[in-house]
Amino acid sequence: MTRNNKTPKFPENFLWGGAIAANQAEGAWNVDGKGVAITDVVRGGIVAGAADEHVIEGENYPSHEAIDFYHRYKEDIALFAEMGMKCFRTSIAWTRIFPNGDEEEPNEKGLQFYDALFDELLKYGIEPVITLSHYETPLHLVNEYGGWTNRKLIGFFENYCRVVFSRYKDKVKFWLTFNEINNLHTIPYAAGAIRISNEDNKLQEIYQAAHHLFVANATVTKLCHEIIPDAKIGCMLTLSTATVYPNTPNPDDVFAAYELQRRSLFFSDVMLRGYYPSYVKRIWKENNIQVQMADGDLDMIMENTSDFLGCSYYKSSIFQANMSAEGNTGGILGLDNPYLEKTEWGWGIDAKGARYVFNAVYDRYQKPLLIVENGYGGVDHFNENGEIVDDARISFLNKHLIEISNAIEDGVEILGYTWWGPIDIVSAGTGEMKKRYGFIYVDKDNKGEGTLNRYKKKSFDWYKKIIETNGGILFD
Ligand code: BG6
C-alpha cells in the first residue's frame with residue numbers, strides 16, 4: 001500500500017478503548033464485603049475536597065453510588081462493544097478483595113465480581129487493561145499504618161497482587177501498577193495514601209513513600225511475570241506534569257521548567273531504567289532527606305523494570321523560576337498560555353503537547369507507551385431534539401489523535417489509546433458529575449439526583465467510526 005496523507009497512521013493491532021476507575025464508577029461502596037477506600041471518605045474531590053478519617057453519616061460522598069457500574073456493567077459493556085472498543089481499562093478496587101488491606105485471606109465475593117466483569121468484556125473480545133491501584137488504597141492502611149510511608153504496605157500490596165494475578169491469569173494480560181504515581185508531589189493523599197500533617201516534612205514523606213512504591217512496583221512486576229508469563233505490566237504516570245514549558249527564554253525560567261519536568265519523570269526514570277538517577281542525590285541532600293532502604297531493594301528495582309509506560313495526558317503548563325509547583329488532576333497549575341483554547345474547567349487544550357511529551361519520553365526510555373487517559377471534561381446539554389451534540393469533545397479527540405498519529409510517525413511506539421471516561425463518571429478532582437467526559441451520558445447530577453439512565457452523545461458514533469476505520473476517518 002502506498003502511504004500518503006490519508007493513510008491511517010495507527011498500527012493494525014492498535015488497542016482502541018476507554019478507561020475508568022472503580023472508585024469513580026462502580027458505586028456499591030459497602031456491598032458484598034467491600035471495605036472503605038481512601039476515596040470513599042472524600043467529599044468534593046481529591047484535589048478540592050476534604051478527606052475524612054471515616055465515613056460521616058449524612059455527608060455526600062460521590063463514590064458511594066457513582067454511576068452504579070457495579071450493577072450496570074453489562075449494559076455499559078454492551079455499549080462499549082457497540083463502539084467497537086478493542087480494550088477497556090478499569091481498576092480493581094483493592095478494598096473489594098482485601099477490605100482493610102492487611103487481611104491474609106481475600107473476600108471471595110469481590111473476586112467473583114471481577115471474574116464476571118472480565119468475562120463480560122472477553123465475551124465481546126474486549127481486552128481488559130487493569131490498574132491495580134487507582135487512588136484506592138484501603139483507608140485502614142492510612143489510619144493504622146500511615147499509608148505508603150510505611151514499608152509494611154509493600155507486603156500487603158504484594159499479597160493482594162498475588163491473589164488477583166493467580167485468579168485472573170487467564171483473563172487479564174495487561175496490567176498497570178499505581179495510577180499516576182508521579183502525582184505524589186501534587187496529590188499525596190490520592191497517589192500515596194499519605195496525610196501530610198507537617199509541611200516541613202512533606203518531601204521526606206514523599207520520597208520515602210516513593211521508594212516503597214518503587215519496591216512494590218518491582219516486586220509485583222516480578223510476580224506478574226512469574227504467574228502470567230504472557231502478560232505485560234506497566235507503570236503509570238501523568239505526563240501532563242511532564243509537559244512543562246518555560247514562560248520566557250530567560251535561562252532561569254528554562255531551567256525551572258526543566259527541573260519541574262524532571263521531578264515528574266523521576267518516577268519513570270526509576271521504574272523504567274531500574275535505578276535512581278544521579279540528580280536526585282542533590283535534591284535529597286539539599287532538603288535533608290534520608291530515604292530508608294532495605295538490603296536488596298535496589299537490586300529488586302534494577303532487575304524488575306516495567307514493560308511499558310502507561311500514561312495520562314490532559315494538558316501542558318507554563319512555569320517560571322521562583323513559582324510554586326502546585327497541581328491538580330490535570331497537571332501543574334501554571335501560568336496562562338495565550339496560544340491555547342481552554343475547556344470549561346480552564347484546562348488548556350494542547351494536542352501538540354501530546355506529540356511533544358510522547359516523543360520526549362520515548363527518546364528517554366525507548367519503551368512502548370500505552371496512552372491510558374486523555375479526555376475532555378465539559379458540561380453537556382440535551383437540545384430540543386433530545387440529543388447531546390458534543391462537538392467540543394469531538395474536536396478535542398480529533399486533534400489529540402492526529403498528534404498521536406504524528407508521534408507514531410515520529411517513531412514513538414504506542415500500543416493503544418483509551419479515552420478517559422467513555423461513559424460519564426464522577427470527577428476525581430472535584431467530585432462532580434457535571435464535569436463529563438463520556439461518549440455516553442449518565443443521568444445523574446451533582447446533588448446525586450437522576451435516573452442513572454444512559455444515553456448516547458454525538459461523540460459515540462464518531463468514536464465508533466474512528467475505531468472502525470482505525471483512525472482513517474480523521475484524515476478524510
Ligand atoms: C486523572 C485521574 O488524573 O485525571 C483520573 O487518573 C481523573 O482518575 C482524570 O478522573 C481526570 O480528572 P478529573 O478531576 O477531571 O476527574
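A crossing of two helices is called right-handed if the near helix is turned clockwise from the far one by less than a right angle. In the predicted model examined here, α8 passes α9 in such a right-handed crossing. Helix α8 spans residues 202–227 and helix α9 spans residues 251–273. Their axes come within 10 Å and cross at roughly 35 degrees. On the α8 side, the contact involves Tyr-207, Ala-210, Phe-214 and Asn-217; on the α9 side, these residues meet Phe-266, Phe-267, Val-270 and Met-271. Sorted by class, the contact comprises 7 nonpolar residues and 1 polar residue, with no charged residues.

The ligand has 14 residues around it, of which Gln-24, Glu-180, Thr-329, Lys-435 and Tyr-437 come nearest. Oxygen atoms of the ligand take part in several polar contacts. A polar side-chain atom of Glu-180 lies 2.5 Å from a ligand oxygen. For Lys-435, the separation between an N or O atom of the side chain and an oxygen atom of the ligand is 2.7 Å. Ala-428 contributes through its backbone, with a polar atom placed 2.7 Å from an oxygen atom of the ligand. On its own, the ligand has 380 Å² of accessible area, and the protein covers 100% of this area.

Methods: Residues numbered from 1 in each chain as written. Predicted model: local features only at pLDDT ≥ 70, side-chain atom pairs only at ≥ 80, totals over all residues. Heavy atoms only, no water. Axes fitted to C-alpha atoms, helices over the stretch in contact; angles between N-to-C directions. Helix = DSSP H or I, 4+ residues; strand = E, 2+ residues; numbered from the N terminus. Contact = heavy atoms within 4.5 Å. Nonpolar A, V, L, I, M, F, W, Y, C, P; charged D, E, K, R; others polar. Near = heavy atom within 4 Å. Polar contact = N/O pair within 3.5 Å; in protein donor to acceptor, adjacent residues only side chain to side chain. Areas by Shrake-Rupley, 256 points an atom, 1.4 Å probe, with all protein chains shown as cover.
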